[in-house]
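Here are a few exercises on how two chains sit together. Try each one on the structure before you read the solution.

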Protein chains: 2
Amino acid sequence: MTAIEKLHQATERNKSLLCVGLDVDISKFPDGISRDMDGIVEFNRQIIEATSDLVNSYKLNFAFYEQYGIEGLEAMKRSIQLIPNNILIIGDAKRGDIGNTSKAYAKAVFETFGCDAITVAPYMGKDSVLPFLEYKDKLTFVLCLTSNPGSEDFEKQNIGDQTLYELVMKRSLEWGSENIGFVTGATHPSEIEKLRRINDKVPFLIPGIGAQGGDLKATLKANGNSPACINASRAVIYASSESNFAEVARKVAENYVAEMK
Amino acid sequence: MTAIEKLHQATERNKSLLCVGLDVDISKFPDGISRDMDGIVEFNRQIIEATSDLVNSYKLNFAFYEQYGIEGLEAMKRSIQLIPNNILIIGDAKRGDIGNTSKAYAKAVFETFGCDAITVAPYMGKDSVLPFLEYKDKLTFVLCLTSNPGSEDFEKQNIGDQTLYELVMKRSLEWGSENIGFVTGATHPSEIEKLRRINDKVPFLIPGIGAQGGDLKATLKANGNSPACINASRAVIYASSESNFAEVARKVAENYVAEMK
């Protein structure tokens with residue numbers, strides 16, 4: 001089964017576009033979870049068990065594991081292995097380098113860590129993105145219009161009569177449209193609507209609801225019926241600092257899914 | 001001592017702008033080096049011992065270690081510890097994410113892996129770059145105009161009357177000019193000259209000589225007397241596949257340094 005098929009089936013089965021971000025931060029761990037690498041795995045295990053029938057994907061941002069060094073990445077790998085096989089696993093690594101180097105990153109994220117999908121930074125152009133797209137049964141989300149304030153600095157600048165992020169989407173689609181997707185922040189719903197007029201078939205990874213303040217209703221409207229992974233991280237996993245955190249995380253996830261229906 | 005001071009002192013002491021890239025690939029290892037993680041450390045040890053009086057910096061591209069998984073990153077960390085304390089260590093990680101996430105990456109590269117400098121992708125703008133610049137005694141190289149063919153796709157596009165890469169340089173300099181540098185490929189000497197008119201004080205990390213075909217003479221002329229780390233990787237470390245590879249690597253490095261004088 002390809003990553004795209006996995007995403008579509010999980011979306012259908014769970015009637016959900018929700019992507020829960022497993023952005024671990026041991027200083028925020030609730031009562032009863034040890035603030036160490038075993039704690040990371042146990043925290044993720046409880047979150048995954050409490051939410052896996054409510055999501056179409058999980059997203060692991062490499063930074064939050066890498067900050068704990070090699071042991072942190074080991075805990076990430078163990079956490080990935082806990083995710084049921086029928087849910088899309090997104091490695092949010094934002095990689096991108098010259099051709100032979102991107103090839104090494106693709107191998108690391110898809111083969112060594114076992115992710116189904118990856119996020120990739122497009123700044124360096126075609127030969128930095130292609131090595132990821134060459135994994136035909138995997139899914140590559142190219143950064144397009146991100147959810148952060150810094151998206152004003154370069155992404156939203158005009159190149160001729162279009163913005164850089166529109167050019168990124170159009171060019172990248174020429175490099176491979178079968179197993180590509182785009183990262184488009186929930187903080188920009190009107191731009192998502194515009195991007196959906198360019199292509200309404202490929203999946204969007206949409207972060208920014210929850211802690212970053214993106215509007216779920218406006219995002220859903222802008223995305224229409226197209227495939228998407230709408231990501232919430234902190235708002236779900238740190239909804240409670242009590243020992244029943246997983247139960248509370250489930251409640252928050254249920255509310256998102258209810259809004260999606 | 002700050003990273004910038006370390007770079008200047010190493011440049012003076014060794015009369016060299018050479019940066020050797022420790023881009024390991026166990027399939028290319030010479031006779032007598034085991035094709036495993038211990039081999040990586042031994043290979044790097046021999047290259048470092050043979051060249052550390054000829055360089056101002058070493059560059060480790062995370063991709064080439066990450067492709068071997070967690071054990072590969074462990075070998076990278078051990079290799080970093082073998083580099084003399086008076087040579088700049090560049091973690092070529094090309095990271096960049098929203099603010100709180102970039103903060104975690106900065107911690108990983110500067111604190112956990114112990115690099116003096118990092119490469120950062122600017123696509124996501126100011127809040128993705130600032131957390132790196134906040135490490136005042138470290139050095140952050142922002143991707144500007146890269147050496148690969150894909151630099152045509154976005155970096156060289158015009159935004160108003162300037163290219164994206166010029167805008168990246170100008171904006172980034174506003175975010176912090178004391179501990180910033182830029183990645184500018186040796187395959188574009190005339191553009192390097194143009195960028196040196198914007199700023200001739202900050203260091204450039206210039207990859208692309210050697211295997212990628214950049215012209216060292218033209219690069220040196222374009223860079224003038226400004227600080228730089230001129231990077232060669234494959235052309236130095238894989239100059240020979242015999243057991244005397246380190247000696248041959250030294251010869252190649254000596255030739256580069258002679259050309260720089």
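Before you start: copies are superposed by least squares on the C-alpha atoms of residues with pLDDT of at least 70 in both. This is a predicted model, so local features need pLDDT of at least 70 and side-chain atom pairs 80 or more, while totals for chains, interfaces and linings use all residues. Residues count from 1 along each chain as its sequence is written, chains are lettered from A in the order written, and side-chain values use heavy atoms, without hydrogens and water.

**Exercise 1.** Work out what turn and shift lay chain B on chain A.

*Solution.* Start with the superposition: a turn of 180° with a shift of 0.0 Å along the axis does it, at an RMSD of 0.0 Å. That is the relation of a two-fold axis. Now look along chain B: Ile159(B) has the C-alpha nearest the axis, 2.5 Å from it. Finally, check the contact residues (heavy atoms within 4.5 Å): 100% of those in chain B recur in chain A, so the same surface serves both copies.

**Exercise 2.** Find how much area chain B and chain A bury between them, and which three residues of chain B supply the most.

*Solution.* Take buried area as the accessible area (1.4 Å probe) lost on putting the two parts together, summed over both. The pair buries about 4,900 Å², 61% of it on carbon and sulfur atoms. On chain B's side, Ile70(B), Tyr123(B) and Phe154(B) supply 20% of the area that chain B buries, more than any other three residues.

**Exercise 3.** Count the salt bridges across the interface.

*Solution.* Apply the rule (a side-chain nitrogen of Lys or Arg within 4 Å of a carboxyl oxygen of Asp or Glu). You get four. One to look up joins Arg95(A) and Glu66(B), at 3.0 Å from N to O.
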